Amino acid sequence: MKTVIFVIVAIILAGCNLQEERPDSPLALIKTTNPEPIQIEKNGTSVEKIRKEVEGIDEIYDTAVIKGDHNTLVAYKVRHLDRFRMKKIEKNLKERLEKQYEQETFVVSSDYKIFLEAVRLREDIDAGKMNDEEADKRLHEIIKLKEERA
Amino acid sequence: MLGMFFWAFVIGGLICVIGQLMMDVGKLTPGHTLSAMVVAGAVLAGFDLYEPLIDFAGAGATIPIMSFGNSLVAGAMQEAEKHGIVGVLTGMFEVTSAGISAAIVFGFIGAAVFKPKG
Amino acid sequence: MANNNEKKTPAQQQYDKLNQKHELKRPLLKNCLRAFFVGGLICTLGQAITYFFIYFFNFTEQTAGNPTVATMVFLSMLLTGFGLYDHLGQYSGAGSAVPVSGFGNAVISAAIEHRTEGFVLGVGGNMFKLAGSVILFGVFAAFVVALIKTILIQWGGL
């Protein structure tokens, strides 16, 4: 019996270690990252403004904003005790943003995966690995991921 | 994210305690208990209560067998939105197949690889 | 089970009473604590696997559930095959039965047990002996719930 528990704990610990060895953005989900917003498409609303707007909401901390040619992705984390109402918060935020910035199309997500990918994209852009076109393509892939249903 | 682990532990543990109480206090067999839990999961899904629990507790809500009832209802409702009432029947296994197909495949492999004990 | 008392002879009723007295001695609190810890640990492991799929594969929180469940059933196959899951079950009761790995264990142990009767009649025929009722009641309950909800939405304007 003790061995079983030991094995389970060992697997969990091994899992954590694997994650820590990951070079890019390994801690994005554990701590508050507050990544700089990305503005791929330079005209129109500034991403800083959108980010401030989102961070003003009580239930939300840690926001990543990426503005592409067609869509603006807003990824954020919800305070844990508010996660019960996560879907409602998402809907409200989308409505609010679309009312405020009518010319933009928003993709809003509280999914950890979307947040993680947003941070990874930010890091790749900072490292100078991609031009605007490639970044926009990556953004589209992230949005496609978001639309996938279980 | 660390909060996720904590709540997965607590909620998952509590659901198992409910199962234990059904077995010990309600004197149900494990088969009855699991069936009742799946039905309970389906009913909770009907009131849109199971999804928020998954948002909150992650694997603490998806790993217990109750989530089987929830995902059956979710699949049926998803399909019903598209095809109306017929979708209820056809969409049921849309989401759920993972648990059952994994159990079938690994069960078969297990039977081929392992020898019966005792 | 107590509601068919009338059909029983006095001797049987006496036996039931005796039976109950002994059954009550099962340590409820201890059972619950064990179920809580083991069940909680299994779910925590599931959470770790979910994050594994989110980090290293293209799964979101929404879609990572399926591969997680499949992985849990796979682990349950290994534990069942080596005879460890039964020990775990004896220790933790519902703690290892309620998670999906318990469902996997029920299917897989039945499959292994009946292998000597052949793959078609033995494995195929007995695999769902224990898990079949879970699937039956799950599917039927889901059907009823989804049907009522669809009707309410379509004609009730819910």
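Colleague: How many helices and strands does the secondary structure of chain B come to?

Modeller: Keep in mind that this is a predicted model. From the N terminus on, the elements of chain B run α-α-α-α-α-α-α. The tally is seven helices and zero strands.

Colleague: What share of the residues of chain B count as buried?

Modeller: The C-alpha atoms of chain B fill a box of roughly 50 × 35 × 35 Å along the principal axes. About 4700 Å² of chain B is exposed, with carbon and sulfur atoms supplying 75% of it. Of its 118 residues, the buried share is 58%.

Colleague: Is α3(B) oblique or roughly parallel to α5(B)?

Modeller: Helix α3 (residues 50–57) of chain B packs against helix α5 (residues 66–83) of chain B at about 125 degrees, and their axes are 10 Å apart. Angles from 65 to 115 degrees would be roughly perpendicular and those over 145 roughly antiparallel. The angle here falls in neither range, so α3(B) is oblique to α5(B).

Colleague: Which residues of α5(B) make the contact with α3(B)?

Modeller: α3(B) passes α5(B) in a left-handed crossing. On the α3(B) side, the contact is made by B:Y50, B:E51 and B:I54. From α5(B) come B:M66, B:S67 and B:N70.

Colleague: Is C:F36 buried or exposed?

Modeller: C:F36 lies in helix α2 (residues 28–56) of chain C. Leaving aside neighbours within four places in sequence, C:F36 is in contact with B:F9, B:V10, B:G13, B:L14 and B:V17. Its relative accessible area is 16%, and the cut-off is under 20%, so C:F36 is buried.

How values were computed:
Residues are numbered from 1 along each chain as its sequence is written. Chains are lettered from A and ligands numbered from 1 in the order in which they are written. This is a predicted model: local features need pLDDT of at least 70, side-chain atom pairs count only at pLDDT 80 or more; totals for chains, interfaces and linings use all residues. Side-chain values use heavy atoms; hydrogens and water are left out. Axes are lines fitted to C-alpha atoms, for helices over the stretch in contact, and angles run from 0 to 180 degrees between N-to-C directions. Helices (H or I, at least four residues) and strands (E, at least two) are DSSP runs, numbered from the N terminus. Angles under 35 degrees count as roughly parallel, over 145 as roughly antiparallel, 65 to 115 as roughly perpendicular and the rest as oblique. A crossing is left-handed if the near helix is turned anticlockwise from the far one by less than a right angle, and right-handed if clockwise. Contact means heavy atoms within 4.5 Å. Buried means under 20% relative accessible area, exposed over 50%, partly exposed in between (1.4 Å probe, protein chains only). Accessible areas come from the Shrake-Rupley method with a 1.4 Å probe; for residues, only the protein chains shown count as cover.
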